[in-house]
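Welcome, and thank you for opening the viewer. Let's walk through this structure together, one selection at a time.

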Amino acid sequence: MPLSSNVRGAMFMVVAMAAFTFNDTLSKLAAQTINPGQLMLVRGLFATTLISLLAWQQGALKGAGQFWHPMVFLRLVGEVGATVCFLATLPHLPLANISAVLQALPLAVTMGAALFLGEGVGWRRWLAIVAGFSGVLIIVRPGFDGFNAFSLLALLSVAFCAVRDLATRKIPDHVPSLFVSTVTTIVITVTGALTIVPFGGWVPMTSELVLYLAGAAVLVLFGYQFVIMAMREGEISFIAPFRYTALIWAITLSVVVFRDIPDLAMIAGAAVIVASGLYSLYRERIVGKARPAAESTSASMAPDGI
């Protein structure tokens with residue numbers, strides 16, 4: 001029997017989450033040798049080449065003045081901050097822990113939409129937000145023996161991602177998405193070049209590192225393509241929860257590749273965050289109007305980092 005559009009969309013979203021998480025895995029492998037600035041520069045050069053060719057082929061590079069639109073500029077600020085914080089955290093925390101904290105992003109976007117965009121958020125979703133961030137505290141566990149200061153950078157990355165996503169929702173429709181993505185890759189690449197020295201200087205690259213970063217750039221673009229396919233196939237409210245499969249991929253790769261076994265606190269905190277996020281999505285479907293979590297532009301729940 002032919003699959004429904006919702007089922008196809010869900011399958012595409014699962015594939016996209018796998019691509020994004022494998023990208024994070026390759027980046028983490030590279031981050032054990034090179035600093036975040038060098039990682040952003042080298043991976044960005046690959047990504048900029050690929051996405052610029054795609055944007056040129058589709059005519060999305062016309063009207064470069066759109067770069068200075070306030071919301072495009074604010075989105076770039078959020079993306080740069082999120083990427084720097086994320087990559088600085090990557091070598092120091094298990095991939096599963098970072099991914100679990102990032103699952104709070106849709107809740108942060110919902111909160112930001114209520115506080116800064118005036119969107120209606122009922123008391124049930126506020127409770128879900130509070131519960132979700134309680135789950136984050138369980139993972140981060142400030143004041144306890146398992147506390148890692150780099151967890152605060154992961155939280156800061158979530159905050160920057162929320163700024164990025166809220167700004168994205170205010171970018172006018174006439175600004176092509178591919179143009180925004182191209183500008184993002186260029187700015188991230190330039191940021192990498194400017195921060196190599198502050199982060200410790202250039203490290204000679206092996207062919208293995210180059211392959212890691214080239215593969216990471218390809219996987220990000222591959223993930224984007226499947227996210228677009230997913231969103232065009234079915235209902236956002238049905239497909240959005242499948243973004244949480246990123247956590248399954250992250251836990252699996254964390255164990256298989258890095259031998260990092262999630263502890264009980266991480267599992268419990270992640271369960272609270274995912275349950276809160278799913279309930280928030282459910283309430284948005286019931287309400288049927290303000291849906292900032294379901295329409296969050298960060299399908300990977302992580303910095304684009306391209």
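Start by selecting Arg-164 and Glu-79 and showing their side chains: the two meet in a salt bridge, with N and O 2.9 Å apart. Keep in mind as you look that this is a predicted model. Arg-164 belongs to helix α7 (residues 150-168) and Glu-79 to helix α3 (residues 70-89), so the pair ties together parts that lie 85 residues apart in sequence. Are these two charged residues buried or exposed? Arg-164 has a relative accessible area of 0%, so it counts as buried. Glu-79 is buried as well, at 1% relative accessibility. Now add Asp-165 to the selection, and you have a network of salt bridges linking Glu-79, Arg-164 and Asp-165.

**More salt bridges**

How many salt bridges does the model hold by this rule? The count comes to four.

For the next one, select Arg-169 and Glu-119, whose closest N and O atoms are 3.0 Å apart. Here the partners sit in loops: Arg-169 in the one between α7 and α8, and Glu-119 in the one between α5 (105-116) and α6 (123-140), so this bridge ties together parts 50 residues apart in sequence. With a relative accessible area of 27%, Arg-169 is partly exposed.

Then move to Arg-141 and Asp-263, another salt bridge, at 2.9 Å from N to O. This pair links distant parts of the chain, 122 residues apart: Arg-141 is in the loop between α6 and α7, while Asp-263 is in the loop between α11 (245-258) and α12 (264-287). Which of the two partners is buried, and which is partly exposed? Arg-141 is buried, at 16% relative accessible area, whereas Asp-263 is partly exposed, at 33%.

**Along α11**

Since you are beside this loop, select α11 itself. The helix has 14 residues and spans 19 Å from first C-alpha to last, close to the 20 Å expected at 1.5 Å a residue. Colour Thr-245, Ala-246, Leu-247, Ala-250, Leu-253, Ser-254 and Phe-258, which are buried residues of α11. As you step along them, one general point helps: an α-helix has 3.6 residues a turn, so residues three or four places apart point the same way. What covers the buried residues of α11? The cover includes α1, α4 (95-102) and α12. Before you leave, click on Arg-259, just after α11, where phi is positive at about 60°.

**Over to α1**

Next, select residues 5-31, which make up helix α1. This helix has 27 residues and reaches 39 Å between its end C-alpha atoms, close to the 39 Å expected at 1.5 Å a residue. Most of α1 is covered, with 19 of its 27 residues buried.

Within α1, pick Phe-12. What does Phe-12 touch, once residues up to four places away in sequence are set aside? Its contacts are Phe-226, Met-229, Ala-230 and Glu-233. For a sense of scale, draw a distance line from the C-alpha of Phe-12 to that of Gly-269: it spans 27 Å, between residues 257 places apart along the chain.

**Two threonines in α8**

Now show helix α8 (residues 177-195) and find Thr-191 in it. At 13% relative accessibility, Thr-191 counts as buried. Its side chain reaches the backbone oxygen of Val-187 at 2.8 Å. Leaving out residues up to four places away in sequence, Thr-191 touches Met-40, Val-80 and Val-84.

Thr-182 is also found in α8. This residue is buried too, with a relative accessible area of 3%. Apart from neighbours within four places in sequence, Thr-182 is in contact with Ile-51, Ser-52, Ala-55 and Leu-61.

**The annotated spans**

For the last stop, bring in the database record. In an unreviewed entry, UniProt places the feature "transmembrane region" at several spans, among them residues 72-90 and 209-230. Select residues 72-90: the end C-alpha atoms lie 27 Å apart, and the span is 95% helix and 0% strand. Then select residues 209-230, where the end C-alpha atoms lie 31 Å apart and the span is 100% helix and 0% strand. Other spans in the record that you can colour include 40-60, 150-167 and 264-282.

Technical notes:
Residues numbered from 1 in each chain as written. Predicted model: local features only at pLDDT ≥ 70, side-chain atom pairs only at ≥ 80, totals over all residues. Heavy atoms only, no water. UniProt positions renumbered as here; feature names shortened; annotations may be inferred. Helix = DSSP H or I, 4+ residues; strand = E, 2+ residues; numbered from the N terminus. Expected span 1.5 Å × (residues − 1). Buried < 20%, exposed > 50% of the residue type's maximum accessible area, 1.4 Å probe, protein only. Polar contact = N/O pair within 3.5 Å; in protein donor to acceptor, adjacent residues only side chain to side chain. Contact = heavy atoms within 4.5 Å.
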